[in-house]
Amino acid sequence: MSFARLASATTPTCHLGLGLAAVGRPGYINLGRERDLPPDRSAEAMRERTHELLDAAYAQGVRYFDAARSYGRSEEFLADWLNARPGIEDAVVGSKWGYTYTAGWTTDAERHEVKDHGLATYERQRAETDALLGDRLDLYQIHSVTPDSPALTDKELHARLAEAAAGGLTVGFSTSGPAQADAIRAALEVTVDGEPLFRTVQSTYNALETSAGPALAEAHDAGLTVIVKESMANGRLAAGHAPEALRAVAEETSLGCDAVALALILRRPWAGVVLSGAATVGQLGSNLHAAAVDLDDDQLARLDALAEDPRAYWEHRGQLPWH
């Protein structure tokens with residue numbers, strides 16, 4: 001299937017997607033996770049929570065769902081949900097390859113995931129993804145490209161990705177780290193037989209980390225669909241952790257800090273899909289109110305002033321513990 005099908009979605013929340021990083025595995029770095037998830041983190045309990053979220057998101061108009069090989073069993077949970085609901089034909093599914101989940105379904109593993117952007121990893125993980133999602137997969141992304149990633153220069157890998165694209169699969173990439181803008185611009189230069197390889201980019205962008213904004217605007221102008229991840233800064237923008245300026249604007253709008261934080265991104269003309277990383281149905285419902293938030297110039301200016309130096313932001317993120 002083609003990711004481009006998302007363009008035909010007309011629900012009020014069609015520019016919001018659901019990412020499964022927080023519910024596809026027992027451990028993650030989001031703040032408040034010990035409160036958001038039940039003590040039972042068994043695979044069946046997490047599968048049930050994932051399906052509850054998918055049901056609620058779809059019922060409220062969300063049509064894009066985002067998984068990854070390294071998000072524990074997120075692809076499996078998503079595939080089970082789709083297989084049990086054959087009447088759902090307009091769901092658009094994205095996943096990522098390039099990280100291998102290594103935590104063994106624990107929260108205290110020494111390493112939770114291992115990064116490798118080599119061709120062999122692509123071939124292995126593509127087969128694993130295909131076994132679960134098959135022709136329900138619309139978008140396959142390289143996970144967390146950085147400027148030094150071999151995925152930007154590996155011509156053999158590019159050829160294999162181009163073959164997948166010729167077969168109807170949309171090919172994209174995600175970014176992370178303080179040099180996201182450099183990675184995005186480098187990826188925009190990647191071509192196969194004179195044609196751009198990538199059709200989507202997924203990057204971290206939020207009220208605290210805005211450094212990728214100009215490059216994402218360039219990607220949008222080049223015809224790529226921009227997907228925004230970590231819009232809540234791993235919980236740092238949620239109530240209880242949010243900066244004072246965000247809490248003040250939320251009070252003025254009579255909505256949650258989360259809705260305001262997502263609404264700020266939805267206002268960017270280049271933002272195609274903004275991901276909710278909700279772990280509860282209540283969080284998801286609050287997130288989806290972002291589509292109705294109207295921010296004035298003064299509120300936008302106060303929120304824009306929250307941006308941090310990207311190096312400081314990513315250093316802070318790197319110190320968040322896995323819960």
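Contact here means heavy atoms within 4.5 Å. Keep that cut-off in mind as you click through this predicted model.

**Stop 1: helix H3**

Select residues 74–83, which form helix H3. Which elements do the buried residues of H3 pack against? There are two helices and two strands to find: helix H2 (43–59), helix H4 (119–133), strand S2 (64–66) and strand S3 (92–97). Color those four next and keep H3 in view.

Now check the burial of H3. Eight of its ten residues are buried, so the rest of the structure largely encloses this helix. Click along the buried ones: Ser 74, Glu 75, Glu 76, Phe 77, Leu 78, Ala 79, Trp 81 and Leu 82.

**Stop 2: the nonpolar cores**

Stay on Leu 78 for a moment. Leu 78 is among the residues with the most contacts inside the largest nonpolar core. That core has 87 residues. Select the others in this group too: Leu 18, Phe 65, Leu 161, Phe 173, Phe 198 and Leu 246. Which helix gives the most to this core? It is helix H9, residues 257–266, with eight residues.

A second core lies apart from the largest one. It has eight residues, including Leu 6, Leu 139, Ile 227 and Val 273. Give these four their own color.

Go back to the largest core and center on Phe 198. What does Phe 198 touch, leaving out residues up to four places away in sequence? Its partners are Ile 142, Leu 161, Val 171, Gly 172, Phe 173, Ala 187, Val 190 and Leu 224. Two of those names, Leu 161 and Phe 173, were in your earlier selection.

**Stop 3: helices H8 and H9**

Show H9 again and add helix H8, residues 244–253. Two packed helices are described by the angle between their axes and the distance between the axes. Here the angle is about 100°, and the axes are 8 Å apart. Angles of 65 to 115 degrees count as roughly perpendicular, so H8 is roughly perpendicular to H9.

Turn on the side chains at the contact. From H8, pick Leu 246, Arg 247, Val 249, Ala 250 and Thr 253. From H9, pick Cys 257, Val 260 and Ala 261. By class, this contact has six nonpolar residues, one polar and one charged.

**Stop 4: the loop between S4 and S5**

Move to Thr 106. Thr 106 sits in the loop between strand S4 (99–101) and strand S5 (113–115). Is Thr 106 buried or partly exposed? With a relative accessibility of 30%, Thr 106 counts as partly exposed. Leaving out residues up to four places away in sequence, Thr 106 touches Pro 26, Tyr 101 and His 112. Look also for the backbone oxygen of Ala 103: the side chain of Thr 106 reaches it at 2.7 Å.

Follow the contact to His 112, found in the loop between S4 and S5 as well. His 112 has 7% relative accessibility, so it counts as buried. Beyond four places away in sequence, His 112 touches Thr 100, Tyr 101, Thr 102, Ala 103, Thr 106, Thr 107 and Trp 322.

Before leaving, draw a line from Thr 106 to Ala 271. Their C-alpha atoms are 35 Å apart, with the two positions 165 residues apart in sequence.

**Stop 5: Thr 121**

Return to helix H4 and select Thr 121. Its relative accessible area is 7%, so Thr 121 is buried. Beyond four places away in sequence, Thr 121 touches Trp 97, Gly 98 and Asp 116.

**Stop 6: Leu 300**

Jump to helix H11, residues 297–304, and pick Leu 300. Leu 300 counts as buried, at 11% relative accessibility. Residues up to four places away aside, Leu 300 touches Leu 264, Arg 267 and Leu 295. Then draw a line to Arg 311, eleven residues apart along the chain: the C-alpha atoms are separated by 23 Å.

**Stop 7: two positive phi angles**

End in the loop between strand S11 (225–229) and H8, where Glu 230 is placed. What is the phi of Glu 230 near? The value is near 50°, which is positive in a residue other than glycine. Glu 230 is buried, with a relative accessible area of 14%.

Asn 234 lies in the loop between S11 and H8 too. Its phi is near 55°, again positive in a residue other than glycine. Asn 234 is buried, with a relative accessible area of 5%.

Conventions
Residues numbered from 1 in each chain as written. Predicted model: local features only at pLDDT ≥ 70, side-chain atom pairs only at ≥ 80, totals over all residues. Heavy atoms only, no water. Core = buried A, V, L, I, M, F, W, Y, C linked by side-chain atoms within 4.5 Å. Buried < 20%, exposed > 50% of the residue type's maximum accessible area, 1.4 Å probe, protein only. Axes fitted to C-alpha atoms, helices over the stretch in contact; angles between N-to-C directions. Parallel < 35°, antiparallel > 145°, perpendicular 65-115°, else oblique. Nonpolar A, V, L, I, M, F, W, Y, C, P; charged D, E, K, R; others polar. Polar contact = N/O pair within 3.5 Å; in protein donor to acceptor, adjacent residues only side chain to side chain.
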